[in-house]
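Please read the points below with the structure open beside you, and look up each residue as it is named. They are meant as a colleague's notes for someone who is new to reading structures.

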Amino acid sequence: MATEIISQTGDFLATVPLFSGLQREEIQRFAELTRERAYPKGSVILFQDDPGDSLFVLRAGRVKVVLIGEDGREVILGVLEPGAHFGELALIDDQPRSAHVIAMDDSQLLILRREDFRRRVEANPSVAWALLTELSRRLRRADVKIGGLVLLDVPGRIARLLLDLADESGSDAIEKPLTHQTIAQMIGASRETVSRAMKEFQDAGLITVERRRISVGDRDALEKRSQVRM
């Protein structure tokens, strides 16, 4: 039974970008080193400033990466779906966690200790290259996101977010159910401002919303709205 579980874990890791470029034998070695843990909805998986001693891979559920201000205001840095991973920076610099991670649904995570990961890197440098490639992608996405927050108004930020989420889903339907409050926390705006903009988008036919499921109705118009206005 244990062999079957390890094989299933390996099958899953093969779909994760950080591991997908590795040989099957190497992926299986990682599968043997991981342990799985369940987190109920609303539970804190990581606290900001916790020791950074593990890499986490989301197997099921959804989690959010957040910063919480002294006044209790929450800013969502990202909402992660199955196949996403977090905590990789701690594998490199031994620094504390840079944000909180909270389960938005009942979630299953695979956990890999820093020492085990480093041993595999030393044995196979292609693992390090895969990590560098993934970090480069994240930095590029962060640059785009920061530029949007600085240069776009709130409707423009919402348009950009909706287009990005639709692209992640591979269709015009956004798979992640999002409340206006969540969108507000993701783009640094008030819920009231987001609600007004979303209503305007719906009235203009740019999007449709059914049971919190958002679909892109007019991609060209959203693209135009997400451009910086000079």
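1. Leaving aside its neighbours within four places in sequence, His85 is in contact with Val16, Leu18, Leu55, Phe56, Val57, Leu80, Glu134 and Arg138. The model is a predicted one, and that should be kept in mind for this list and for every point that follows. His85 belongs to strand E6, which covers residues 85-86, and the side chain of His85 also makes a polar contact of 3.2 Å with the side chain of Glu88. Is His85 buried or exposed? Its relative accessible area is 1%, and because the cut-off for buried is under 20%, His85 counts as buried.

2. Two of the residues that touch His85, namely Val16 and Leu55, can be followed further into the structure when the nonpolar cores are considered. In soluble globular proteins, nonpolar side chains tend to be buried together. The largest nonpolar core in this model has 28 residues, and those with the most contacts inside it are Ile158, Leu162, Ile183, Met198, Phe201 and Leu222. At least two residues of this core come from each of strand E5 (74-80), helix H7 (154-169), helix H8, helix H9 (191-203) and strand E10 (213-216), and H7 gives the most, with eight residues. A second core, separate from this one, has 19 residues, and Val16, Leu55, Val127 and Ala130 are among them.

3. Met198 is a useful place from which to look at the largest core, as it is one of the residues with the most contacts inside that core. When neighbours within four places in sequence are left aside, Met198 is in contact with Ile158, Leu162, His180, Ile183, Ile207 and Ile214. Of these partners, Ile158, Leu162 and Ile183 are themselves listed with the most contacts inside the core.

4. Helix H8, residues 180-187, deserves a paragraph of its own. How many of its eight residues are buried? Six of them are, so the helix is largely enclosed by the rest of the structure, and the buried ones are Thr182, Ile183, Ala184, Gln185, Met186 and Ile187. Gln185 counts as buried with a relative accessibility of 15%, and, leaving aside neighbours within four places in sequence, Gln185 is in contact with Glu74, Val75 and Ile76. Just after H8 comes Gly188, which takes a positive phi of about 75°.

5. A positive phi is also found at Asp49, where the angle is near 80° although the residue is not a glycine. Asp49 sits in the loop between strand E2 (44-46) and strand E3 (54-60), and with a relative accessibility of 58% Asp49 counts as exposed.

6. How many aromatic pairs does a search of the whole structure find? The search finds three, and one pair to examine is that of Phe30 and Phe117, whose ring centres are 5.8 Å apart and whose planes meet at 45°, so the pair is tilted. Phe30 lies in helix H3 (residues 24-33) and Phe117 in helix H5 (residues 114-123), so the pair ties together parts that are 87 residues apart in sequence. Both Phe30 and Phe117 are buried, and ring pairs link them with Phe19 into a cluster.

7. Ser7, in helix H1 (residues 2-13), is partly exposed, with a relative accessible area of 29%. Leaving aside neighbours within four places in sequence, Ser7 is in contact with Arg24 and Gln28. Ser7 and Glu32 are 25 residues apart in sequence, while their C-alpha atoms are 8.8 Å apart in space.

8. The chain as a whole may now be considered. It has 10 helices and 10 strands, and its radius of gyration is 19 Å, close to the 17 Å that the globule rule gives for 230 residues, so the chain is as compact as a globular protein of that length. The C-alpha atoms fill a box of roughly 55 × 40 × 35 Å along the principal axes, and buried residues make up 43% of the 230 residues. Among contacts with a separation of 6 or more, 69% join residues 24 or more positions apart. The accessible surface comes to about 12700 Å², and 52% of it belongs to carbon and sulfur atoms.

Conventions. Residues numbered from 1 in each chain as written. Predicted model: local features only at pLDDT ≥ 70, side-chain atom pairs only at ≥ 80, totals over all residues. Heavy atoms only, no water. Helix = DSSP H or I, 4+ residues; strand = E, 2+ residues; numbered from the N terminus. Buried < 20%, exposed > 50% of the residue type's maximum accessible area, 1.4 Å probe, protein only. Polar contact = N/O pair within 3.5 Å; in protein donor to acceptor, adjacent residues only side chain to side chain. Contact = heavy atoms within 4.5 Å. Core = buried A, V, L, I, M, F, W, Y, C linked by side-chain atoms within 4.5 Å. Phe/Tyr/Trp six-rings, centres within 6.5 Å; stacked < 30°, edge-to-face > 60°. Rg over C-alpha atoms; globule rule 2.2 N^0.38 Å. Areas by Shrake-Rupley, 256 points an atom, 1.4 Å probe, with all protein chains shown as cover.
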